[in-house]
Amino acid sequence: MHTQHQHHGHEPRAFDEAFWNARYGGKRIWSGRPNPQLVAEAHGLTPGRALDVGCGEGADALWLAARGWEVTGVDISSVALERAAEHEREHPPGNESVHPVRWEHHDLTVWKPPSGFYDLVSAQYMHLPTAQREPLFRNLAGAVAPGGTLLIVGHHPSDLHGAAPRPDLPDLYFTAEDIAALLDDGWEHEVIEARSREASGPDGATLPVADTVYCGRRL
């Protein structure tokens with residue numbers, strides 16, 4: 001599963017490019033399957049321009065591109081972006097009408113995407129401290145075009161007390177209500193929930209987990 005920003009017990013100051021490049025420096029980490037909440041929420045949307053934030057090895061971006069989206073995938077890790085581009089070369093869609101993904105290297109804590117530009121902005125499992133996360137999410141909301149969709153998914157705070165291994169850093173977790181509270185009145189909140197699913201644990205066993213899922217449409 002592509003959940004790039006799962007952190008494992010490191011202090012927040014370690015979440016820099018060197019940290020993520022080291023994380024991606026060995027074998028491929030993710031399965032190549034798109035995140036399930038992206039599939040659930042985006043499958044019925046009309047393709048347009050999409051921004052995949054924290055794209056990692058590119059599974060979400062490539063899934064969107066194969067469905068007709070013009071996708072920009074952004075990540076702090078140059079190693080992850082190289083893997084994503086390699087994956088795209090190894091698994092061409094077989095459809096000449098598919099737009100190649102634009103892979104862009106940015107530090108998301110300081111980069112600001114173009115305002116009102118994207119028909120879909122997706123951030124999957126972007127777990128940052130509140131002081132960095134809230135400005136980032138506001139910037140992502142600002143990048144959504146009128147009528148466009150903002151989709152933010154993360155590990156729900158209840159997972160801190162669940163069976164799945166999660167870092168004991170409560171400030172990294174957030175609810176869908178937290179996201180909705182960051183937005184102005186120009187949004188229709190379509191999904192605000194903690195959504196249960198099953199995931200594979202480190203030993204391969206199936207574990208119950210809960211995702212924070214926020215999906216909103218700019219009016």
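**A tour of aromatic pairs and helix 5**

Select phenylalanine 117 first: with a relative accessibility of 32%, this residue counts as partly exposed, because the buried class stops under 20% and the exposed class starts over 50%. The model is predicted, and residues are numbered from 1 along the chain as its sequence is written.

Keep phenylalanine 117 on screen and add arginine 49. The charged end of arginine 49 sits over the phenylalanine 117 ring, 3.8 Å from the ring centre.

Now look for rings that pair with one another. The count of aromatic pairs is 2. Phenylalanine 117 and tyrosine 118 make one of them, an edge-to-face pair with 5.0 Å centre to centre and 85° between the planes. Tyrosine 118 is buried, at 5% relative accessibility, whereas phenylalanine 117 is partly exposed at 32%.

Next, select phenylalanine 137 and phenylalanine 174. This aromatic pair is also edge-to-face, with the centres 5.3 Å apart and 80° between the planes. Which parts of the chain does the pair tie together? Phenylalanine 137 belongs to helix 5 (residues 130-142), while phenylalanine 174 lies in the loop between strand 5 (144-155) and helix 6 (176-182), so the pair joins parts that are 37 residues apart in sequence. Are the two rings' residues buried or exposed? Phenylalanine 137 is buried, with a relative accessible area of 3%, and phenylalanine 174 is buried as well, at 1% relative accessibility.

Stay with phenylalanine 137 and extend the selection to the whole of helix 5. The 13 residues of helix 5 should span 18 Å at 1.5 Å a residue, and the end C-alpha atoms are indeed 18 Å apart, so the two values agree. Colour the buried residues of this helix: they are Arg133, Leu136, Phe137, Leu140 and Ala141. Viewed down the axis of helix 5, the buried residues fall within an arc of 135°, so they line one face of the helix.

To see what that face meets, show the neighbouring elements. The buried residues of helix 5 pack against strand 1 (49-53), strand 4 (118-124), strand 5, helix 6, strand 6 (187-200) and strand 7 (206-218).

The last stop is the cysteines. Select cysteine 55, which is buried at 0% relative accessibility, and then cysteine 215, also buried, with a relative accessible area of 3%. How many disulfides are there? The count is 0; a disulfide would need a pair of cysteine sulfur atoms within 2.5 Å.

Terms used:
This is a predicted model: local features need pLDDT of at least 70, side-chain atom pairs count only at pLDDT 80 or more; totals for chains, interfaces and linings use all residues. Side-chain values use heavy atoms; hydrogens and water are left out. Rings of Phe, Tyr and Trp (its six-membered ring) pair if their centres lie within 6.5 Å; planes under 30 degrees apart count as stacked, over 60 as edge-to-face and the rest as tilted. Buried means under 20% relative accessible area, exposed over 50%, partly exposed in between (1.4 Å probe, protein chains only). Helices (H or I, at least four residues) and strands (E, at least two) are DSSP runs, numbered from the N terminus. A charge sits over a ring if NZ of Lys or CZ of Arg is within 6 Å of the ring centre and within 35 degrees of the ring normal. The expected span of a helix is 1.5 Å times one less than its number of residues. The arc is that of the directions from the helix axis to the C-beta atoms. Contact means heavy atoms within 4.5 Å.
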